[in-house]
Amino acid sequence: MTQLNLNPNIPDPDGFYDELLDVHQGLTKEDSDALNARLILILANHIGERDVLRTALAAAKRS
Amino acid sequence: MDTPDGPYQIEAEWLIACDGARSPIRDMMGLSFDGRVFEDNFLIADVHMTADFPTERWFWFEPPFKNAGQSALLHKQPDDIWRIDFQLGWDIDRAAELDPDRIRARVDAMLGEGAEYELEWTSIYTFQCRRMEKFRHGHVLFAGDSAHQVSPFGARGANSGIQDAENLAWKLDFVLRGLAPEALLDSYSTERSFAADENILNSTRATDFLTPKSEISTIFRNAVLQLASDHAFARPLVNSGRLSVPCVYDGQALNGPDMLDGPARTRVGAPCVDAELKEGFLLERLTGAFIVLCICAEAPDVIEVDGVLVQHVLLTAADDPKGMVRDRYLGDTPQAIYLLRPDQHVVARWPVASAQDVSDAVRVALGKGIT
């Protein structure tokens, strides 16, 4: 089983952060929320492993 | 007993209470029926029409047509009847909504102006998900809606009632014939309440998708629907009700050992899946008794356990030209012995089994291990 990677893993972190904010540029709150939800579902499907997803949910909840 | 032809009296040692969701017997015994009421009304309009729509089940979330409510369903039934179901929400005027003119206006908006149809039957329903804590109270056994009530999504009502009957019939038979302890009937309650919980869980999940209960759940629901039109991955997340499948009795007291590295779908506790044989089908051969199913394996020498007959069904590769038995019961293993209950659930399975292995498992399945 793959472990959830919570170490730095994204090459060029500033560049990624820029792209993340960019995609929300000019959107209403409603459209941004919808985009975030779609993004979460797309990434979750890519990960696919229920254990990893469960650990990620807990990490996001900071519990 | 009250009947249209007048009342009569009957005395019985055992009572199976199949008297429906409002069970008078349950009330007379002062037993509770706890769960959750879903605050929603659904309008059913069965219409008679000859339409050239494909025979598909159509489900609309936030339908585009006028006054359709939060969701709508259209599916074909026999004899040119189409069932239309509108989700109306909680605060409605029932009498007004059942006015045929009002229903026709909704149906016209859905089917398009000029659609020719007759209203066959209309009704408004609400639903609850709840169950009794225990389905057995001494010699009174609750079955069907009297024991558990679910939403109609996924055909779980009548199916679970029939599964209750299949679970109970053989157990009561063995107890009445003195071949099993009364404790066997407690397993009816534990197995079928386990199944009821599964049904309630599925119903609740479908309802939460249909009628999101918070802002964020609406956001995710709509995100799933948007993605589903673009990408295959999101389609399994769309939940307009999951079709009922029989419960796998995982971890239940009547289960014997699972010693086979076989397919998960035929694991201990699972209902047997059918397979086409050279002649006929597998399930036809599993005829309501304890059965030792030997697949490419030598049959253990056991025909009776404590007065209970054990039948044998022997299959070889020659019986399985399409490989369905191999795929569904063997997987990557070359041979298997399955012990099956009269209701076709798997008690135990082994690569090789002795008469003692089978006898021990039959006794477990007869409730002789329940203390």
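**Following one helix, then the sheets**

Let's start with α6(B): its face pointing away from the buried side carries the exposed residues E215(B) and S229(B). Here, a residue is buried if 20 or more other C-beta atoms (placed from the backbone) lie within 10 Å of its own, exposed if 12 or fewer, and partly exposed in between. Keep in mind that this is a predicted model, where local features need pLDDT of at least 70 and side-chain atom pairs 80 or more, while totals for chains, interfaces and linings use all residues. Residues are numbered from 1 along each chain as its sequence is written, and chains are lettered from A and ligands numbered from 1 in the order written.

So what sits on the other side of α6(B)? The buried residues of this helix are F220(B), R221(B), A223(B), V224(B) and L227(B). Looking down the axis of α6(B), you would find its buried residues within an arc of 160°, so they line one face of the helix. (The arc is that of the directions from the helix axis to the C-beta atoms.) The helix itself takes in residues 215-230 of chain B, which makes 16 residues, and it reaches 23 Å from its first C-alpha to its last. Helices (H or I, at least four residues) and strands (E, at least two) are DSSP runs numbered from the N terminus.

What covers those buried residues of α6(B)? Part of the cover comes from chain B itself, in the form of α5 (184-210), and α2 (29-47) of chain A is in the cover too. That brings us to the meeting of the two chains: six residues of chain A are in contact (C-beta atoms, placed from the backbone, within 7 Å) with nine residues of chain B.

Now have a look at chain A. Its secondary structure comes to three helices and zero strands, so to speak an α-α-α run from the N terminus on. With a radius of gyration of 14 Å, chain A is well over the 11 Å that the globule rule gives for 63 residues, so it is more spread out than a compact globule. (The radius is taken over C-alpha atoms, and the rule is 2.2 Å times the number of residues to the power 0.38.) Its C-alpha trace spans about 40 × 25 × 25 Å along the principal axes, and buried residues make up 5% of its 63 residues.

Back in chain B, there are strands to explore. Try β10 (residues 290-295), which is mostly covered, with five of its six residues buried. Who are its partners? Two strands pair if DSSP finds at least two bridges between them. β10(B) runs parallel to β12 (residues 308-315) of chain B, joined by six bridges, and C294(B) has L314(B) in β12(B) as its bridge partner. With β13 (residues 336-340) of chain B the pairing is antiparallel, over five bridges, and there I295(B) stands opposite A336(B).

Chain B also has an open sheet of three strands, in the order β1-β8-β7 with mixed pairing. Its edge strands, β1 (15-17) and β7 (136-137), each pair on one side only. β7(B) and β8 (residues 140-142) run antiparallel with two bridges between them, and R136(B) is partnered by L141(B) in β8(B).

Finally, find the open sheet of six strands in chain B, ordered β3-β4-β5-β2-β6-β9 with antiparallel pairing. At its edges are β3 (58-61) and β9 (148-149), each pairing on one side only. Four bridges connect β3(B) to β4 (residues 71-77), and these two run antiparallel. In β4(B), S71(B) is the bridge partner of F61(B).

Technical notes: The expected span of a helix is 1.5 Å times one less than its number of residues.
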